Amino acid sequence: LFEELIVNHENAGDAFDALEERCDSHDEPACLELSGNRDTYFDVSLINGDFESGDLKGWIKDGDGRVITQLGFLSPTQGSYMGIISTGLGMTLNMGSIKQSFFIEEGMTKLTVKWNFISEEFEEYVGSIFQDYFTIILISESGSSNTLFYKSIDNIAGEYALIDVSPQIVFDQGDVYMTGWQTFTFDISGYAGEGVTIILKSGDIGDSIYDTAILLDEISVE
């Protein structure tokens with residue numbers, strides 16, 4: 001029954017009808033019965049990508065992963081809430097990530113993530129071994145892993161006009177710079193008809209002293 005519901009994405013009525021046996025083999029058998037709405041189904045779509053539930057509903061975190069309303073003067077791109085993952089900020093020593101598994105329906109073509117990279121490692125550690133990073137990884141049902149997006153301190157400094165946000169935003173060590181809100185998109189049509197897991201992660205390379213935080217919002221598939 002649950003294979004039909006979860007793997008084959010059938011509704012309750014069709015999953016029940018597909019059962020070859022509904023009773024056990026005892027002399028006085030116990031039988032499975034269906035009552036209620038036959039159209040009930042498990043929602044396997046991406047949920048809470050805008051974090052407007054006010055928490056990490058639908059997401060699994062590792063290290064520092066939270067939902068906030070503000071970071072200093074920075075606000076969500078929409079609504080009242082945004083996600084944050086970091087390499088520190090008092091919640092972890094070197095990494096933060098959130099992940100969610102969902103099903104990509106036929107006809108879905110685009111994954112979108114809005115992000116803002118904020119770090120103490122700018123600008124004195126550009127070109128050094130200290131390379132905090134932000135990455136987006138997509139894992140398919142078969143287990144294959146695809147890194148869709150990877151940006152380190154050097155990548156960010158070379159590609160974006162950094163904005164000095166100190167002293168309005170202070171972590172615990174040096175001056176803080178950010179990219180401002182950016183939009184990442186990826187063509188997911190090649191994954192249509194299968195389940196995937198998206199992982200959004202920030203991490204340290206070289207040290208765990210100077211912190212980096214990634215703000216996240218409007219994560220969606222369509």
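## The pair of E159 and K151

With a relative accessibility of 45%, E159 counts as partly exposed. The structure described here is a predicted model. In this model, E159 is joined to K151 by a salt bridge, and the closest N and O atoms of the pair are 2.6 Å apart. K151 counts as buried, because its relative accessibility of 15% falls under the 20% limit used for that class. E159, at 45%, falls between the limits of 20% and 50% and is therefore placed in the partly exposed class.

K151 belongs to strand β6, which covers residues 145-152. The side chains of K151 and E159 also make a polar contact at 2.6 Å. When neighbours within four places in sequence are set aside, the residues in contact with K151 are F117, D132, Y133, F134, I156, E159 and Y160. The salt-bridge partner E159 is thus one of the residues listed around this buried lysine.

## Other salt bridges

Side chains of opposite charge can pair when their charged atoms come close. The structure contains five salt bridges. One of them is formed by the side chains of R38 and D17, with an N to O distance of 2.5 Å. This pair connects distant parts of the chain, as R38 sits in the loop between α2 and β1 while D17 sits in helix α2, 21 residues apart. R38 is partly exposed at 38% relative accessibility, and D17 is likewise partly exposed, with a relative accessible area of 41%.

A further salt bridge brings together the side chains of R66 and D64, at 2.7 Å from N to O. R66 is partly exposed, having a relative accessible area of 25%. D64, by contrast, is buried, with a relative accessible area of 0%.

## The loop between α2 and β1

N48 is located in the loop that runs between α2 (12-17) and β1 (60-68). Is N48 buried or exposed? N48 has a relative accessible area of 12% and is therefore classed as buried, the limit for that class being 20%. A polar atom of the N48 side chain lies 2.9 Å from the backbone oxygen of D55. Apart from neighbours within four places in sequence, N48 is in contact with S53, D55, L56, K57 and W59. D55 therefore appears both among the contacts of N48 and as the residue whose backbone oxygen lies by the N48 side chain, a side chain that belongs to a buried residue.

F42 is also placed in the loop between α2 and β1. F42 is partly exposed, with a relative accessible area of 42%. Together with L1, F2, I6, V7 and L32, F42 makes a nonpolar surface patch of about 550 Å². F42 can count towards such a patch because its 42% is over the 30% required of patch residues.

## The disulfide

How many disulfides does the structure hold? There is one disulfide, and it joins C23 to C31 with an S to S distance of 1.9 Å. The link of C23 and C31 is right-handed, with 110 degrees about the S-S bond. Both cysteines are partly exposed: C23 has a relative accessible area of 36%, and C31 has a relative accessibility of 42%.

## Backbone features

Two cis peptide bonds may be described here. F122 and E123 are joined by a cis peptide bond with omega of about -5 degrees. E123 lies in the loop between β4 (110-119) and β5 (133-140). S166 and P167 are also joined by a cis peptide bond, with omega of about 5 degrees. P167 is placed in the loop between β7 (163-164) and β8 (177-178).

Positive phi values also occur in residues other than glycine. H9 has a positive phi of about 60 degrees and is not a glycine. H9 lies in the loop between α1 (2-7) and α2, and at 31% relative accessibility it counts as partly exposed. For E218, phi is near 50 degrees, again a positive value in a residue other than glycine. E218 is placed in strand β11, residues 212-221, and its relative accessibility of 27% makes it partly exposed.

Notes
Residues are numbered from 1 along each chain as its sequence is written. This is a predicted model: local features need pLDDT of at least 70, side-chain atom pairs count only at pLDDT 80 or more; totals for chains, interfaces and linings use all residues. Side-chain values use heavy atoms; hydrogens and water are left out. Helices (H or I, at least four residues) and strands (E, at least two) are DSSP runs, numbered from the N terminus. Buried means under 20% relative accessible area, exposed over 50%, partly exposed in between (1.4 Å probe, protein chains only). A polar contact is a pair of N or O atoms within 3.5 Å; within protein, one must be able to donate a hydrogen and the other to accept it, and residues adjacent in sequence count only if both atoms are side-chain atoms. Contact means heavy atoms within 4.5 Å. A salt bridge is a side-chain nitrogen of Lys or Arg within 4 Å of a carboxyl oxygen of Asp or Glu. A disulfide is a pair of cysteine sulfur atoms within 2.5 Å. Patches are made of residues with over 30% relative accessible area and no salt bridge: like charges are joined within 9 Å, nonpolar side chains (Val, Leu, Ile, Met, Phe, Trp, Tyr) within 5 Å. Accessible areas come from the Shrake-Rupley method with a 1.4 Å probe; for residues, only the protein chains shown count as cover.
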